[in-house]
Amino acid sequence: MRRTRAAALIAAITAAGLLAACSGGTNAGKASGGGSTQSSVLTLASVDQGSIEDVVKAFEKANPGVDVRFTTSGADQYQQQIRTQLASGTAPDVMTVWPGNGNPGATYVLAKAGYLMDLSDQPWASKLPPAMKSVAQYDGKTYTGVFGQNGIGAVYNQGAMQKAGLTPPGTWTELLGFCKAAASKGTPAYALGIQDNWVTQIVLYALAATTVFGPDRDFDQKLRSGQATFADSQWTLAMSKYLEMQKAGCFQKNPLGTSYEASQTLAASGKTLGIIQGNWVIALLKGKNPAGKFTLTALPATDNPSEFVMPAAAGAGYGVNVKAKNKELALKFVNFVMSPEGMNLFVTKQGGLPSLPGTGFSPDPSLAELSKYISENRTVPFMDQLWPNPKVQQTMLSGLQEIFSGQSTPDKVLKAMDADYKAGS
């Protein structure tokens with residue numbers, strides 16, 4: 001999902017598909033020095049603002065004479081641009097690619113169109129865990145170097161929580177009470193920036209993980225086989241809980257008028273007690289409030305904590321343009337990203353977890369609960385990663401904005417998602 005990356009995850013993640021995306025804006029990397037040759041120049045497009053910069057520096061240091069020319073942008077802008085660039089032959093050598101099939105810049109979509117180089121013979125490809133490999137591959141071949149895992153949950157500003165005299169809720173009933181108590185103190189519980197439409201999915205995914213997949217881990221398979229639909233499933237419960245949170249005052253006023261960037265500022269400054277996002281957002285919050293302490297926990301969706309499931313999946317990675325002008329250097333860069341040095345540097349900056357074991361990485365204490373859920377197999381992939389086409393997610397995102405503006409209903413949105421799902425790939 002786009003992020004979706006809240007991480008950023010999300011950091012994300014980190015946004016956390018759209019869930020791994022970063023906030024908006026476009027930045028260009030340094031200009032090439034006069035002595036650069038074509039063989040030493042690598043072009044790169046990324047959504048990993050705030051983390052790709054250090055990775056590029058480390059790669060250039062490890063490869064003297066190499067000049068990486070890069071741009072960064074937000075997920076929405078990037079996805080609009082990259083398909084146009086690929087189709088016109090103007091795309092960079094290396095580019096951000098999301099896992100699975102959830103958006104226009106995802107692995108299945110780009111690989112099926114013939115835009116990505118097959119990376120199956122690279123040294124890290126066979127080492128990807130099964131869950132990661134399934135969304136980094138298309139038709140049995142690996143196309144995306146997925147360097148990190150991201151999760152979605154409630155991120156709390158510990159300083160703001162202490163000031164309000166509140167503690168993180170442990171059940172759904174406690175969550176509604178927590179929201180009301182926070183609102184009564186003039187500090188809403190969670191920042192919600194759904195002016196950026198990819199953010200609309202984050203709370204819904206956090207709720208659906210428990211309400212949909214908690215009781216039925218095989219729901220995705222049933223959806224694919226036609227045995228289940230969105231409109232006649234627990235997705236209706238997840239939607240209703242999302243709206244119940246809105247009615248309970250869980251979010252600040254006017255979420256539709258609040259951007260992702262603005263929501264980060266609210267949570268980082270303590271104007272809200274936290275934010276529901278991917279883990280990638282933690283690094284962004286720390287950037288805005290270096291003295292702050294932030295912790296990610298599961299978002300309660302029932303009154304039985306033993307039922308809780310967290311969305312956790314592969315974050316956005318990197319693929320190589322099949323028409324790259326410098327394929328050798330492009331492969332070298334992706335392999336650096338997938339090395340212990342590159343991977344650890346990335347996930348440290350983003351506040352995530354590495355995709356491969358044995359890197360020597362020590363997770364940030366703020367991710368202790370996410371790490372626990374992953375180790376206990378109490379996670380499910382970001383929902384859109386296994387949907388048959390990007391249209392399902394786009395219909396959901398725009399539909400959720402319409403629900404919040406009173407122009408649609410959950411039933412209408414879920415039925416529209418069913419129609420797009422049945423249309424296939």
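**Overall architecture, helix α11 and selected local features**

The protein chain contains 16 helices and 14 strands. With a radius of gyration of 20 Å, close to the 22 Å that the globule rule gives for 425 residues, the chain is as compact as a globular protein of that length. The structure described here is a predicted model. The C-alpha trace spans about 65 × 50 × 40 Å along its principal axes. Of the 425 residues in the protein chain, 60% are buried. The area exposed by the chain amounts to about 15700 Å², and carbon and sulfur atoms account for 52% of this area. The chain carries 36 positive and 30 negative charges, and the mean positions of these two sets lie 4 Å apart.

Helix α11, which covers residues 280–288, was examined for its buried side. Four residues of this helix are buried, namely Trp280, Val281, Ile282 and Leu285. The cover over the buried residues of α11 is drawn from several elements of the chain. Helices contribute to it through α7 (200–211), α10 (260–269) and α13 (340–350). Strands also take part, including β7 (148–157), β9 (274–278) and β10 (294–297).

Helix α11 also takes part in a salt bridge through Lys286, whose partner is Asp364; the closest N and O atoms of this pair are 3.0 Å apart. Because Lys286 lies in helix α11 and Asp364 in the loop between β13 (353–354) and α14 (368–375), the pair ties together parts that are 78 residues apart in sequence. Both ends of this bridge fall in the intermediate class of accessibility. Lys286 is partly exposed, with a relative accessible area of 31%, and Asp364 is partly exposed at 27%.

A search of the whole structure gives eight salt bridges, the pair formed by Lys286 and Asp364 being one of them. Side chains of opposite charge can pair when their charged atoms come close. Another salt bridge links Arg69 to Asp67, with 3.4 Å between the closest N and O atoms. The two partners belong to separate accessibility classes: Arg69 is partly exposed, at 37% relative accessibility, whereas Asp67 is buried, with a relative accessible area of 3%. For Asp67, the assignment follows because 3% is under the 20% limit for a buried residue.

A further salt bridge joins the side chains of Glu376 and Lys372, with an N to O distance of 3.2 Å. Glu376 is partly exposed at 36% relative accessibility, and Lys372 is likewise partly exposed at 41%. This pair belongs to a network in which salt bridges with shared partners join Lys372, Glu376 and Arg378.

Between Glu376 and Arg378 in the numbering comes Asn377, a residue in the loop between α14 and β14 (379–380). Asn377 is not a glycine, yet its phi is positive, at about 60 degrees. At 56% relative accessibility, Asn377 is exposed. A positive phi is also found at Asn254, where the value is near 60 degrees. Asn254 is located in the loop between α9 (235–247) and α10; with a relative accessible area of 51%, this residue counts as exposed. The assignment of Asn254 rests on the cut-off for exposed residues, because 51% is over 50%.

Two other loop positions were considered with regard to residues distant in sequence. Leu386 occupies the loop between β14 and α15 (390–404) and is partly exposed, with a relative accessible area of 25%. The C-alpha atom of Leu386 is separated by 9.4 Å from that of Ser134, a residue 252 places away along the chain. When neighbours within four places in sequence are left aside, Leu386 is in contact with Tyr108, Val135, Asp220, Arg224 and Pro381.

Gly360 is situated in the loop between β13 and α14, the loop that also holds Asp364, the partner of Lys286. Gly360 is exposed, with a relative accessible area of 69%. Its C-alpha atom lies 7.7 Å from that of Pro340, and the two residues are 20 positions apart along the chain. Pro340 falls at the start of helix α13 (340–350), one of the elements that cover the buried residues of α11.

Definitions and conventions:
Residues numbered from 1 in each chain as written. Predicted model: local features only at pLDDT ≥ 70, side-chain atom pairs only at ≥ 80, totals over all residues. Heavy atoms only, no water. Rg over C-alpha atoms; globule rule 2.2 N^0.38 Å. Buried < 20%, exposed > 50% of the residue type's maximum accessible area, 1.4 Å probe, protein only. Areas by Shrake-Rupley, 256 points an atom, 1.4 Å probe, with all protein chains shown as cover. Lys, Arg positive; Asp, Glu negative; His and termini not counted. Charge placed at Lys NZ, Arg CZ, Asp CG, Glu CD. Contact = heavy atoms within 4.5 Å. Salt bridge = Lys/Arg side-chain N within 4 Å of Asp/Glu carboxyl O.
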